[in-house]
Amino acid sequence: MAVSGASGGGQVLSLDTLVRLRRGLRTGDGPRRLPVPEGMTAPLGCDAVAVPARFGPLVLPRLPRVGCVYADEAHWWWIVPSDSDYALEWPASVRYATGAVVLDVPRLIHRPDGTVPYTPPIPLYLALCRVMGTTPAWSRQLSA
């Protein structure tokens, strides 16, 4: 798709160019996606799981594989495949960010070997439940 001036002699802009121009108008104050490091791919899409920063160092050694981890003063963010919140009730103090969209982009503190940025969501969920003292949803008693 291309857009041209009404007089017929204007410059032709592709849809890709218009999208890039629009993105360039954004200020740093709005939500942005956590960046996937150069050379990595995210074939399953990206979401992010944020935990209060005090839990980050407790969770890290409990994981069999650690993907990209970002941190700021308040939170540690783990990149997980899209839809990792499906059928999981994350602990109350965890923030789940669909599309890995965050207000401020924290710094990358861990980059895994390989080309995928993901931390497996089930081990992350279990480690978070453990350090936060929460029982995983599937282990809770059901009441009739």
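Tutor: A residue is called buried when its relative accessible area is under 20%. This model is predicted, and Cys68 is a plain case: its relative accessible area is 0%, so Cys68 is buried.

Student: Where is Cys68 found, and which residues is Cys68 in contact with beyond its neighbours within four places in sequence?

Tutor: Cys68 is found in the loop between H2 and E5. Leaving aside neighbours within four places in sequence, Cys68 is in contact with Pro37, Met40, Trp77, Trp78, Ile79, Leu108, His110, Pro112 and Pro117. Sequence distance and spatial distance are separate things: Cys68 and Val116 are 48 residues apart in sequence, but their C-alpha atoms are 8.6 Å apart in space.

Student: What share of the contacts in the protein between residues at least 6 apart in sequence join residues at least 24 apart?

Tutor: The share is 75%. As for the elements behind those contacts, the protein has three helices and nine strands, and from the N terminus on they run β-β-α-β-β-α-β-β-β-β-β-α. Of its 144 residues, 35% count as buried.

Student: How many residues does the largest nonpolar core have, and which have the most contacts inside it?

Tutor: A nonpolar core is a set of buried nonpolar residues joined through side-chain atoms within 4.5 Å. The largest here has 22 residues, and Val51, Val59, Trp78, Trp90, Leu124 and Leu128 have the most contacts inside it. E4, E5, E6 and H3 each supply at least two residues of this core, with H3 giving the most, seven. A second, separate core has 13 residues, including Cys46, Ala50, Cys68 and Ala97.

Student: What does Trp90 touch, not counting residues up to four places away in sequence?

Tutor: Trp90 touches Val49, Ser84, Asp85, Tyr96, Pro121, Leu124, Tyr125 and Leu128.

Student: How should I read helix H3, and which of its residues are buried?

Tutor: Start with length. H3 covers residues 121–132, 12 in number, and reaches 16 Å from its first C-alpha to its last, close to the 16 Å expected at 1.5 Å a residue. Then look at burial: Pro121, Leu124, Tyr125, Ala127, Leu128, Cys129, Val131 and Met132 are the buried residues of H3. They pack against strand E4 (47–52), helix H2 (56–59) and strand E6 (75–80). After H3 comes Gly133, with a positive phi near 70°.

Student: Is Leu126 of H3 buried, exposed or partly exposed?

Tutor: Partly exposed is the class for values between 20% and 50%. Leu126 has a relative accessible area of 37%, so it is partly exposed. Together with Ile122 and Trp138, Leu126 forms a nonpolar patch on the surface, with about 300 Å² of accessible area. For the protein overall, about 9100 Å² is exposed, and carbon and sulfur atoms supply 54% of it.

Student: Which residue in the loop between E6 and strand E7 should I check for its phi?

Tutor: Check Asp83, which is found in that loop. The phi of Asp83 is positive, about 70°, although Asp83 is not a glycine. With over 50% as the cut-off for exposed, Asp83 counts as exposed because its relative accessibility is 57%.

Student: Where is Ala100, and is Ala100 buried or exposed?

Tutor: Ala100 lies in the loop between E7 and strand E8 (101–102). Its phi is near 55°, again a positive value in a residue other than glycine. Relative accessibility is 1% for Ala100, so Ala100 counts as buried.

Conventions. Residues numbered from 1 in each chain as written. Predicted model: local features only at pLDDT ≥ 70, side-chain atom pairs only at ≥ 80, totals over all residues. Heavy atoms only, no water. Expected span 1.5 Å × (residues − 1). Buried < 20%, exposed > 50% of the residue type's maximum accessible area, 1.4 Å probe, protein only. Contact = heavy atoms within 4.5 Å. Patch = residues over 30% accessible without salt bridge, like charges linked within 9 Å, V, L, I, M, F, W, Y side chains within 5 Å. Areas by Shrake-Rupley, 256 points an atom, 1.4 Å probe, with all protein chains shown as cover. Salt bridge = Lys/Arg side-chain N within 4 Å of Asp/Glu carboxyl O.
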